[in-house]
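Reader: I should like to learn how to read the features of a structure, one at a time. May we work through an example together?

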Amino acid sequence: MLGEGTESSVITDVIFWVIAVGTIVAAIAVVQLRDLFRAALFLVVAFLGAAGMFVLLRAEFIAVVQVLIYVGAISVLIIFAIMTTREVEQGSPYNRLQVPALILAGLFLAGVIFVIFSTEWNVLDTAISGGRLADETATKASEVFAGTVPRIAGLLIREYVLAFEVASVVLLAAIIGALSLMRER
Amino acid sequence: MEGQAVKAGFDFLGIYGFFDGLMPESLDWLAFLVAGFILAFAIINALVVSTAVYTWFERRALGKFQSRLGPNRWGPFGLLQPIADVVKFMSKEDTVPDGADRQVFTLAPIVFVATGFLVFALIPLGSNDWLSRLNIGLVFIIAVTSVNTLAIFMAGWSSRNKYAMFGAMRGVAMLISYEVPMALAIAAVALASQSLSTYTVVTNQEVPFMLVMPLAFFIFVAAASAEMSRTPFDLIESESELGSGYHTEYSGMKFALFQLAEFMAPIIVSCIVATLFLSGWRGWGPIPGQVWFILKALVVLCALLWFRATWPRLRVDQIMEFAWKGLFPLSLLNLFAVATEIQLLRDPVTGALTDSDMWAMAAINWAITGIVFLAVSRMFARKQLQRPLPKPSPLANMGAEAE
């Protein structure tokens, strides 16, 4: 964890483990539950856990946006989709692709774990204690962490404005496409 | 906040600091826990007690509006009515319908109430009394209120009742639609105050934003009263059509929780409006800021009550039309106008806005608001005239033909 500003690292560690275990349990429940509606609710729990992780990483803005978009919008969309599905009562059906899916998911997990361990993370704490960062840079970095919003805004509106706008145009196209598909002929 | 000494007020850090001083170094976590509990206790009880008083006030006032008495039996002027209500709720049987999803059924009212408490924690009650120092408060408010839709969905789905389901579907459609203009109105506030923190919104509000951007104010109040889902937006639970909507199957304490959340909503909304548009705790003279804040919130509260008592319920299609064809374009227009004015008026070097800039914005925005109101009302009025005459039902003459 980032040492500066967090009063007690024991508390953060405890909170981290609670959130981590909760998120994983909820994610397993999403896949395993027969009741689709409950599975969707556990998906919400998993999203909230991810938001909690962002808070622990001091990215409050991303955490809140995670709640806003995933909990407030995407999960409502998913629940609407579940409700308009026929034969919801029978739950999620199984088919023969279980084993291939398991293998694929395992490979993906292994890849992610490999990437996590092979990346050299620029964690502020270790960088400062290892003397890799000058004090001046360290203060600047902690200032960035104190106010992530202006930095994110600058990146979105200045540096990556084209990608940002393209994303919104794609979303608009998706909305229009959905409307024209649904329109009564 | 970074670097400068923050005077300890009634907030998490203040309480934590107090207990941290009392306890030895090794018990840091206990101080953390105690401070959290005290804060939660304070928020929940302040809200529950004020809601209890407000239910009495609202019912008495509605009685006056409708030329009847309202609750007047218990205590002077019926003041003890909330206590009688709570006793009644607690002594009622707590029923769960057959085939309902029991856990989700129980969880729904809890989630519904919790969102209200979470929002209230962000409101600065005085220059030094604010419970949670979050630098992204405005986004947090939007995010947490959007979780409400999930609670309504949970209640409607788990009751296994068609009326509850219909109420929940209507409610979710309405809440999602009105979130958009509400968020856009808040975005205009964030632009003008150049901050996302509820605290800084107030400190940067030399001129109340209600005067600076009246359009945003009206949009926010309209959208927020829809988010509260009270009359004229109470089609979620329209008694004449749906039993009582998503909480048809609820009884006892679970129903009481829904009622609590419903009556809590106007209090929270009026606090948010007072913070965002009426410059929060700022006031004149020796009167402390907390009193100013409560006064402003009370004025908004009475206005919301007035809306509720005056307007009839809107139809489903009218409500969706009002959100998407009325408030949504208006909020876009407002955001565009405010952004343009800020870009033109602000100091090109520091980006700061002075008081005179604010007053200039106020003048322009009032003009825009007036024109827009005229145009919109004319548009809706013309539509009223063009409405087709109702066709008689083919079944209407059946009795006559039989004779």
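**Reading a predicted complex**

Author: Let us begin with confidence, as this is a predicted model. The mean pLDDT of chain B is 81, and 90% of the residues of chain B reach 70 or more. For the complex, the predictor gives an ipTM of 0.77 and a pTM of 0.83.

Reader: Which elements of chain B have the lowest and the highest mean pLDDT?

Author: The general idea comes first. Where pLDDT is low, the predicted coordinates should not be read in detail. Among the elements of chain B, helix α15 (residues 398-402) has the lowest mean pLDDT, 58, and α9(B) has the highest, 89. Residues 1-7 of chain B also call for this caution: their pLDDT stays under 50, and the model has 5 contacts for them beyond four places in sequence.

Reader: How many helices and strands does each chain have?

Author: Chain A has 8 helices and 0 strands, and its pattern along the sequence reads α-α-α-α-α-α-α-α. Chain B has 15 helices and 0 strands.

Reader: What share of each chain is buried?

Author: Burial is judged by counting neighbours: a residue with 20 or more other C-beta atoms within 10 Å is called buried. In chain A, buried residues make up 14% of the 185 residues. In chain B, they make up 42% of the 403 residues. One may also ask how contacts are spread along the sequence. Among contacts in chain A between residues at least 6 apart, 53% join residues at least 24 apart. For chain B, residues 24 or more positions apart account for 74% of the contacts with a separation of 6 or more.

Reader: How is chain B divided into domains?

Author: Chain B has domain 1 (1-82) and domain 2 (92-384). The centres of these two domains of chain B, taken over C-alpha atoms, are 21 Å apart.

Reader: How does one check the length of a helix, and which residues of α2(B) are buried?

Author: One compares the expected span with the distance between the end C-alpha atoms. The 38 residues of helix α2 (residues 28-65) of chain B should span 56 Å at 1.5 Å a residue, and the end C-alpha atoms are 54 Å apart, so the two values agree. The buried residues of α2(B) are B:A31, B:A35, B:L47, B:T51, B:Y54, B:T55, B:W56 and B:E58. Just after α2(B), B:S67 takes a positive phi of about 50°.

Reader: Against which helices do the buried residues of α12(B) pack?

Author: A general point about helices is useful here. An α-helix has 3.6 residues a turn, so residues three or four places apart point the same way. Helix α12 (residues 289-310) of chain B has 22 residues and reaches 32 Å from its first C-alpha to its last, close to the 32 Å expected. Its buried residues include B:W292, B:K296, B:V300 and B:L304. The buried residues of α12(B) pack against α9 (214-227) and α11 (252-277) of chain B.

Reader: Why is B:V201 called buried?

Author: B:V201 is buried because 25 other C-beta atoms lie within 10 Å, and 20 or more are required. This residue lies in helix α7 (residues 198-203) of chain B. Leaving aside neighbours within four places in sequence, B:V201 is in contact with B:V189, B:S193, B:S195, B:T275 and B:L276.

Reader: Where are B:R160 and B:Q194 found?

Author: B:R160 is in the loop between α5 (137-158) and α6 (162-193) of chain B, and B:Q194 is in the loop between α6 and α7 of chain B. Each has a positive phi in a residue other than glycine: near 50° for B:R160 and near 55° for B:Q194. B:R160 is partly exposed, with 16 other C-beta atoms within 10 Å. B:Q194 also counts as partly exposed, because it has 15 C-beta neighbours inside 10 Å.

Reader: How many residues of the two chains are in contact with each other?

Author: 23 residues of chain A are in contact with 21 residues of chain B. On the chain A side, α1 (9-32), α2 (36-56), α3 (60-83) and α6 (135-146) each supply at least two residues. The most comes from α3(A), with 11 residues. By character, the chain A side divides into 15 nonpolar, 4 polar and 4 charged residues.

Conventions. Residues are numbered from 1 along each chain as its sequence is written. Chains are lettered from A and ligands numbered from 1 in the order in which they are written. This is a predicted model: local features need pLDDT of at least 70, side-chain atom pairs count only at pLDDT 80 or more; totals for chains, interfaces and linings use all residues. Two residues are in contact if their C-beta atoms, placed from the backbone, lie within 7 Å. Helices (H or I, at least four residues) and strands (E, at least two) are DSSP runs, numbered from the N terminus. Ala, Val, Leu, Ile, Met, Phe, Trp, Tyr, Cys and Pro count as nonpolar, Asp, Glu, Lys and Arg as charged, and the others, Gly among them, as polar. A residue is buried if 20 or more other C-beta atoms lie within 10 Å of its own, exposed if 12 or fewer, and partly exposed in between; C-beta atoms are placed from the backbone. The expected span of a helix is 1.5 Å times one less than its number of residues. Domain bounds come from an automatic or database domain assignment. pLDDT is the predictor's confidence in each residue, from 0 to 100.
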